Amino acid sequence: YAVASFNNEYFAANEKDSETDAALQANAQETEAENLAPPVAPQKSGEVPSRRVALAPPSLPAGQTASDLPEESPAAQRDEAEEGAKPARVGAVLEKADSVLFVGDSLMQGVAPHVHLSLFKRYTIHGINLSKQSTGLAYPDFFNWPEQIRKTFQATPGIKLMIVFLGPNDPWDFPYLKGQPYLKFKSEDWENVYRARIREVIEIARENDARVFWLEVPCMRKRELDASMTYLNRLFAEEVKKSGELFLPTSALLGCAEGKFSSFMDADGKKKKSRIDDGVHFTIAGQKRIADEILSFIHIQPEEAAP
């Protein structure tokens, strides 16, 4: 088990956006089938839970990945959240000694470096990037996010904000009872288990006195995937808001409107491409737009003046 932390040597990476977008496109073409197919995992024993079940996560598999840091993304200046995002507590207040934990799949691999680079350069706030492609909450025997998060909090004092970006790898039937049929996606039992896993992730952060930002999965080009993400976003939003944490919409930021997919967003009165051609992942401009939104909800506690 090793935490993939950012460090100063990554900050030398400063590729041009067009070159990086081309690399993102090539990588997405190679990994799309892997990212959007359920992993093969052994069935686990247990009982179908009620709405308030607490799941015991299996042992942690080894291996994590972290993205190289592209150029810095300046924080957007926004006074309030997008309409519809009205959490019990707004924003997170950090101090210079604090750290930020990034949890997610390949979508987070693109966004996390921009957020961390801005926080590190401006305030020397450190980041821990656990994002790993092809992961989610549906198959913990393949990759167990609650266990990974719990171990990271135990090993890393000072994490005061956890940012989560998961979902596209989860709209599948999954095993729960050993020797029994898989729980069917969107069934009542499936939803009970999945909600419990969302709550478990949130509670680990709250037990460690950390705020949680959970990002909406934005609109997707493929209709079936988009419909599945709409369903999962409802579960994310309900559980996050019940816990008093922050659910951040992303679809409108990237140019989607009224449920319609768009690869382009408005930027200074012009249309700018926000999604690469797989209809899932983001261009550098799209990554920065989401990063700016996240940064606008992070407030830095001023240092007290020396007497």
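Which residue forms a disulfide with Cys219? In this predicted model, the partner of Cys219 is Cys256, and the sulfur atoms of the two residues lie 1.5 Å apart. This disulfide is the one that the structure holds. It links distant parts of the chain, for Cys219 belongs to the loop between β5 and α5 (223–242), whereas Cys256 belongs to the loop between β6 (246–248) and β7 (264–267), and the two cysteines are 37 residues apart. Both Cys219 and Cys256 are buried.

The strand β5, which comes before the loop that carries Cys219, spans residues 211–215 and runs parallel to strand β4, to which it is joined by four bridges. Within this pairing, Ile163 has Phe213 of β5 as its bridge partner. The two strands are also related through helix α4 (residues 188–207), since β4, α4 and β5 together make a right-handed β-α-β unit.

Strand β4 also pairs with strand β2 (residues 99–104), again in the parallel sense, and this pairing extends over six bridges. Here Leu101 stands opposite Met162 of β4. Strand β4 therefore takes part in parallel pairings with both β2 and β5, which is a useful setting in which to consider the burial of its residues. Of the seven residues that make up β4 (residues 159–165), six are buried, and the strand is therefore largely enclosed by the rest of the structure.

How values were computed:
Residues are numbered from 1 along each chain as its sequence is written. This is a predicted model: local features need pLDDT of at least 70, side-chain atom pairs count only at pLDDT 80 or more; totals for chains, interfaces and linings use all residues. Side-chain values use heavy atoms; hydrogens and water are left out. Buried means under 20% relative accessible area, exposed over 50%, partly exposed in between (1.4 Å probe, protein chains only). Two strands pair if DSSP finds at least two bridges between them. A crossover is right-handed if, with the strands pointing away from the viewer, the path from the first strand over the helix to the second runs clockwise. A disulfide is a pair of cysteine sulfur atoms within 2.5 Å.
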